[in-house]
Structures are given as structure tokens and as C-alpha cells.
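Okay, thanks everyone for squeezing me in. I'll put the structure up, and then we'll walk through the core, a few individual residues, and the overall build.

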Amino acid sequence: MTENTRAFHDLREALNQPGCPVCRLVERDTGRYLDNLLWENVNDPGLRGEIRRALGFCREHTRMLVSRPGASLGLALIARDVWGEVQRATETARLPAPKARRARAADLAAGLLARLTPRGECPACAYARAMEDLYLDILLERLLGEDGLLAAYQASGGLCLPHFRQALTRVQDSAVYAALVEAQRAIGQRRLAELDEFIRKNDYRFRDEPWGRERDAWLRAFNALVGGLLS
Ligand SMILES: [Zn+2]
Ligand SMILES: [Zn+2]
């Protein structure tokens, strides 16, 4: 199975599950990427250099990394590398000469600041973005046509807003653009109706009515605003 065929099948499956399909798949893939990094690639000099230049990982991916069981040795090696880099920068930082205390602190500090600023992107973010592009391109390429993903998309909760914006930067075909926007409109109307229903049922006059799908509409709505999988 080629990577694209696998991505197509994964997308179809993810569209049947709650939340943004691209967020779901990228979260899964990034988890695997981090596992590989810890268990197989931790001694890869190229990757270690990338991590050093980025001064580690972003907060989200650091959280994912430290929650992986048995990761402590790999993480200690990485932390040793990055803090070694930080230490070199602070130890070699220029200080004002004893008689030149009037040297501008701001200029000296700017030099150190530059060396303490990441020179590269979090490697897991770079990986995740490449995967997002792949899934979005497949979604757009295979939306229409026989066996296309449109019906599954229409029935789903749609892309989160960040991934919808990203899809808009990649769409090439006007029929695909129209189908995507129409589907997103219908999904948006359902979302608004569910939020209205949730709000209505919180009125004491309707409190005895049983809850339906709108029960967690507020959570799904926030999830769709930022992406990721809140629960
Ligand atoms: Zn998303
Ligand atoms: Zn990251």
C-alpha cells in the first residue's frame, strides 16, 4: 500500500470518529514519530543537531514526550545536549570590562539573547506539519468522484478551524473548493443548532427534557476552534 493509499483509508476511518480527522491522524502519527525518536533515532547525529538548534521541543510535544513510558534515558540524553548548548552560550556571554561598566546592558544582553533563541523549529512540529499537508492534500484530491470522501466528510464534524484554513491554502480546484465550503457550511449550521439547543436546555423551564447529541456541543465547538483532541 502506498503512503497515499494508506492516508486515504485512514482519512475515511477518521471521518467516522469524533473530532477533526486531520488532528486525530496527525496526533497518532506524531506519537509514533516521538516513539521512533526515543527508541531508534535518539543517537542519530543529524536529529540531535536539529533538536539542539531548536533548543528542544515546543511545549505540546514536550508534554507528549515526557508522558511516554520508559522514555527517561532518551530524554536525559536530549536534555543533556540542549542544556550543554545553553550552558556554552551563557559561559561565553560577553560581560562588560571592569572599567567599562557603562557599556550598554541592552547590547550585551541582545548578544546572549540571540544565542538563547531557537534557530530551528521543534522537529515534531515540522514533522506534524508535513503530515497535515499530506492528509489535507489527499482529502482535497479524493473529496469528489466515485468512492470520494465527500459523503463521509458531510456526515462528520468537519475539519477544525486551523486545518480548514490550512486546506484553503492548498485547494487548487474550484469544484473541490465549492464542495468543501458547502460541506463546512452545513457542518457549521449543525454546530450552531446544537449549541443553541444546549443553551436552551439549560433554561430551568426545559430542564426535564432528556439530553441528546448537544450534551457536549460546547466541548466539540472549542475543540474545533483550536484543533487537537480535548476531552
Ligand atoms: Zn484539525
Ligand atoms: Zn512541536
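So, this is a predicted model, keep that in mind. Let's start with the largest nonpolar core, which has 32 residues, and the members that touch the most others in it are L11, V22, Y135 and L139. Which elements give two or more residues to this core? Those are α1, residues 3-14, then α2 at 21-39, α7 at 123-141, α9 at 161-168, and α10 at 174-201. As a general point, nonpolar side chains in soluble globular proteins tend to be buried together.

Take L11 from that group. If you skip the neighbours within four places in sequence, what is L11 in contact with? You get P21, Y135, I138, L139 and L149. So Y135 and L139 come up again here: they're contacts of L11, and they sit with L11 among the residues touching the most other core members.

Okay, zooming out. The protein has 11 helices and 0 strands. With the radius of gyration at 24 Å, well over the 17 Å from the globule rule for 231 residues, the protein is more spread out than a compact globule. If you want the box, the C-alpha atoms fill roughly 75 × 55 × 40 Å along the principal axes. And how much of the protein is buried? Buried residues come to 20% of the 231. On the contact side, take those with a separation of 6 or more: 73% of them are between residues 24 or more positions apart.

One example of chain segments meeting is I78, over in helix α5, residues 72-91. I78 has 21 other C-beta atoms within 10 Å, so it counts as buried, the cut-off being 20 or more. Its C-alpha is 7.8 Å from that of V42, and those two are 36 residues apart along the chain.

Last thing, a couple of backbone oddities. L55 isn't a glycine, yet it has a positive phi of about 55°. You'll find L55 in the loop between α3, residues 45-53, and α4, residues 59-66. Buried, exposed or partly exposed, then, for L55? Partly exposed, because L55 has 18 C-beta neighbours inside 10 Å.

D147 is also a non-glycine with a positive phi, about 65° this time. That residue is in the loop between α7 and α8, with α8 covering 150-155. D147 has 8 other C-beta atoms within 10 Å, so D147 is exposed.

That's my tour, happy to take questions.

Technical notes: Residues are numbered from 1 along each chain as its sequence is written. Chains are lettered from A and ligands numbered from 1 in the order in which they are written. This is a predicted model: local features need pLDDT of at least 70, side-chain atom pairs count only at pLDDT 80 or more; totals for chains, interfaces and linings use all residues. A nonpolar core is a set of buried Ala, Val, Leu, Ile, Met, Phe, Trp, Tyr and Cys residues joined through C-beta atoms within 7 Å. A residue is buried if 20 or more other C-beta atoms lie within 10 Å of its own, exposed if 12 or fewer, and partly exposed in between; C-beta atoms are placed from the backbone. Helices (H or I, at least four residues) and strands (E, at least two) are DSSP runs, numbered from the N terminus. Two residues are in contact if their C-beta atoms, placed from the backbone, lie within 7 Å. The radius of gyration is taken over C-alpha atoms; the globule rule is 2.2 Å times the number of residues to the power 0.38.
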